[in-house]
Amino acid sequence: MKKFIFIIICLYSQFVFSNTSLFNKVQQKLKIDPIAFEQFQYLGTLHCIDKYLMVEKNGSFYQAYLELDLSLSPITRLFNFDDLDNAYKELEQNITKVKRDSPRRLDFNNYVEICRRNFHSNNIHNYYSTFILNKKNYIKEGDPETLWEKEDIEQNMKDYLEYGKIDYRRFL
């Protein structure tokens, strides 16, 4: 009986540690992945421009998120839309404000330059690292947005580690 309990404990702990190990490997790869970082910057820039243009829903940020999601990008297949949205809102609190009654507010290129400059600064990489290390930002099992099961999420992580993005052959 003791052997049986010991075997169950060993198998369970192996399962738990293998998932943690997978998650840690994904985090480490995301930290040094230039493509995922560029996508994070790209989405942030579009989110910022949407904010300046006062686009509430279905703006450039949302469309780009969907486009990256359809291309099986890890930034959209591993992270929740709402968590990305909240992260960008938090980052934008530190961005220079352009007053609504100034002549500069009518200059679209000014908005683009402000957003591009802020999301391509040196401190954005530190924020990105903090964002990917927070386990709460990742898609969770049963998330109403994706309705993915645990196996799907784990397979997305495995695909990312092996291919650098999600393997499209799984969906055929």
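1. Surface charge. In this predicted model, the residues E141, E149, E151 and D152 together form a negative surface patch. One member of the patch, D152, belongs to helix α8, which spans residues 150-163. The relative accessible area of D152 is 33%, so this residue is classed as partly exposed. That value also satisfies the requirement for patch membership, which is a relative accessible area of over 30% and no salt bridge.

2. Overall architecture. The secondary structure consists of 8 helices and 0 strands. Read in sequence order, the elements give the pattern α-α-α-α-α-α-α-α. The protein has 172 residues, of which 41% are buried.

3. Disulfide. A search across the whole structure returns 1 disulfide. The bond links C48 with C115, at an S to S distance of 2.0 Å. C48 is located in helix α2 (residues 34-52) and C115 in helix α6 (residues 108-119), so the pair ties together parts that are 67 residues apart in sequence. The S-S torsion for C48 and C115 is about -70°, and the disulfide is therefore left-handed.

4. Environment of the two cysteines. C48 has a relative accessibility of 0% and therefore counts as buried. C115 likewise counts as buried, because its relative accessibility is 0%. The cut-off that applies here is a relative accessible area under 20%.

5. Backbone at N58. Most residues other than glycine have a negative phi. Against that background, N58 deserves a remark: its phi is near 55°, a positive value in a residue that is not glycine. N58 is found in the loop between α2 and α3, the latter helix covering 60-70. With a relative accessibility of 52%, N58 counts as exposed, since the exposed class begins over 50%.

6. Backbone at L72. A positive phi also occurs at L72, where the angle is about 60° although the residue is not a glycine. L72 sits in the loop between α3 and α4, with α4 covering 74-78. What is the burial state of L72, buried or exposed? Its relative accessible area is 9%, so L72 is buried.

7. Points to inspect together. Two loop positions with positive phi may be viewed side by side: N58, between α2 and α3, is exposed, whereas L72, between α3 and α4, is buried. For the disulfide, the view should include helix α2 with C48 and helix α6 with C115. For the charged patch, the residues to display are E141, E149, E151 and D152.

Key: Residues numbered from 1 in each chain as written. Predicted model: local features only at pLDDT ≥ 70, side-chain atom pairs only at ≥ 80, totals over all residues. Heavy atoms only, no water. Patch = residues over 30% accessible without salt bridge, like charges linked within 9 Å, V, L, I, M, F, W, Y side chains within 5 Å. Areas by Shrake-Rupley, 256 points an atom, 1.4 Å probe, with all protein chains shown as cover. Salt bridge = Lys/Arg side-chain N within 4 Å of Asp/Glu carboxyl O. Lys, Arg positive; Asp, Glu negative; His and termini not counted. Charge placed at Lys NZ, Arg CZ, Asp CG, Glu CD. Helix = DSSP H or I, 4+ residues; strand = E, 2+ residues; numbered from the N terminus. Buried < 20%, exposed > 50% of the residue type's maximum accessible area, 1.4 Å probe, protein only. Disulfide = S-S within 2.5 Å.
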